[in-house]
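The exercises below are to be worked through with the sequence and the model side by side. Each task is followed by a solution that goes step by step.

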Amino acid sequence: MNKKDTFCVLPWMHLATNANGRLRVCCNSTTGKNYIEKPDGTYYKLFKDNLEEAWNSEVYKKIRKQMLNDERPEMCQRCFGEEDVGARSARQNWNEKWKQNKKYTIDAPFDIQYVDLRLGNLCNLKCRMCNPFSSSMWVKEWHLVEKALTPDQYKNLSNMTWPEDEKTWDNIMSISHSIKEIYLTGGEPTLIKQQYKLYDYLIEKNLASNITLKYNTNLTNIPNKLLEYWSCFKQVKINASIDAYGDLDRYIRYPSSWKKIDLNLKKFKQMKNILLKVHVTVQMYNILKLHELFEYLEMLDINVYLNILNTPKYLNIKVLPEYLKDKAALFFEKNYKIHIEKKDNISDYMFKDDWSHLYPDFINYTKTLDKSRGESLYNLVEDFSYVT
């Protein structure tokens, strides 16, 4: 395979959207720099445009050329930044999974095998590290912590309906013959009932048994009908978005129910067709308590993937005061029986830069949300009560 040090297989076999339905290079690429642009300066959208036309557009050709020339595309800095501190990046994982022994060229065959659908912003939670563009629950609260939404933004984000458009699902069905995996997230993807139309089609055409479904879900809303569909597919991978144990998880992923999450984790762990993994967003709110979650998951024998939060910067673990970084680092020296991907790289990433000047922003943001939601971080993470 013609693979350079900066090579990523995704631009040759992957289709991705953001929450508003625009096509983008991938979920890890830099927002605002990763959209698939048309010649007229507008953007290709899953719910209205021709996918094959977008596939060999100038954006795709440029990033493929850069990768084949051993250049780091500007939009790919998140992966390269993690690799620079020794962490295994999404790029490396994708290459290991999808790479083939073939020649890659700037003009790629229209052979989509991996589809990443961000099904709007409809969600039943408003996680502290999230925003109204990814969660409809954030719309009414956003003005408290950031610049207020414009009237048009408020209207659109309150009712993002493109996942209901027939063209959305017709486009996916048109490439279903080559698809091997569909990744669904949101928002909360289990809330989108229009996906059932796609599943009916895949089952009718005898394609479902060849396809793996992958969900990022908060585990608080799993309809029985969805479980029935899942039984028809080759495999269902559940990336359970859980950031802490017990009450702290509800605090971060407000207003989730730990009782319901605990129940679903134990139920899915026993299901033959489901491969379960917990995905943790490593951030200021949980870095000093992650060992409690790891110990709980160790009892259930569930593996963990650590996703290092990049933005907003004031929630990035680089903001932690140094003496608390020292304390957090001790927790990551412990060995666990379960596999915790990236565990050994967290400390290096955390200490690489000192962003403690942003600590007042973290405190202000936290106090604002605490007041709005009637909560208190200091009751849950006692270490922070000494550095306010």
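For the residue classes used below, Ala, Val, Leu, Ile, Met, Phe, Trp, Tyr, Cys and Pro count as nonpolar, Asp, Glu, Lys and Arg as charged, and the others, Gly among them, as polar. The model is predicted, so that local features need pLDDT of at least 70 and side-chain atom pairs count only at pLDDT 80 or more, while totals for chains, interfaces and linings use all residues. Residues are numbered from 1 along each chain as its sequence is written, and side-chain values use heavy atoms, with hydrogens and water left out.

**Exercise 1.** Describe the second largest pocket by its volume and its lining.

Solution. A pocket is an open set of points on a 1 Å grid over the protein atoms alone, with protein on both sides within 12 Å along at least five of seven lines, and lining residues have an atom within 4 Å of a point. Grid points are joined across faces, edges and corners, and a volume is the space filled by probe spheres set on the points. By this reckoning the second largest pocket has about 310 Å³. Its lining consists of 14 residues, with Lys33, Asn34, Val59, Lys62 and Met75 closest to the centre. Sorted by class, the lining of this pocket holds six nonpolar, three polar and five charged residues.

**Exercise 2.** Characterise the largest cavity and find which helices supply its lining.

Solution. A cavity is a set of grid points where a 1.4 Å probe fits but cannot get out. The search of the whole structure yields one cavity of 30 Å³ or more, and the largest cavity encloses about 90 Å³. Of the 14 residues that line the largest cavity, Cys8, Cys26, Cys76, Cys79 and Trp94 lie nearest its centre. Helices are DSSP runs of H or I with at least four residues, and strands are runs of E with at least two, numbered from the N terminus. Helices H2 (58-68), H3 (77-84) and H4 (90-98) each supply at least two residues of this lining, and H3 gives the most, with three. Ten residues of the lining are nonpolar, two are polar and two are charged.

**Exercise 3.** Work out the strand order of the open sheet and explain what is particular to its edges.

Solution. Two strands pair if DSSP finds at least two bridges between them. The open sheet has nine strands in the order E2-E1-E3-E4-E5-E6-E7-E8-E9, with mixed pairing. Strands E2 (23-24) and E9 (340-341) stand at the edges with a single partner strand each, so one side of each is left without a neighbour in the sheet. E1 (residues 14-17) and E2 run antiparallel and are joined by two bridges; in one pairing, alanine 16 has arginine 24 of E2 as its bridge partner.

**Exercise 4.** Specify how helices H10 and H11 pack.

Solution. Axes are lines fitted to C-alpha atoms, for helices over the stretch in contact (heavy atoms within 4.5 Å), and angles run from 0 to 180 degrees between N-to-C directions. H10 (residues 258-269) packs on H11 at about 35 degrees, with the axes 11 Å apart. On the H10 side Trp258, Asp262, Leu265, Lys266 and Lys269 meet Leu293, Tyr296, Leu297 and Leu300 of H11. These contact residues divide into six nonpolar, no polar and three charged.

**Exercise 5.** Locate the cis peptide bond that joins tyrosine 254 and proline 255.

Solution. The bond has omega of about -5 degrees, and proline 255 is found in the loop between H9 (247-252) and H10.
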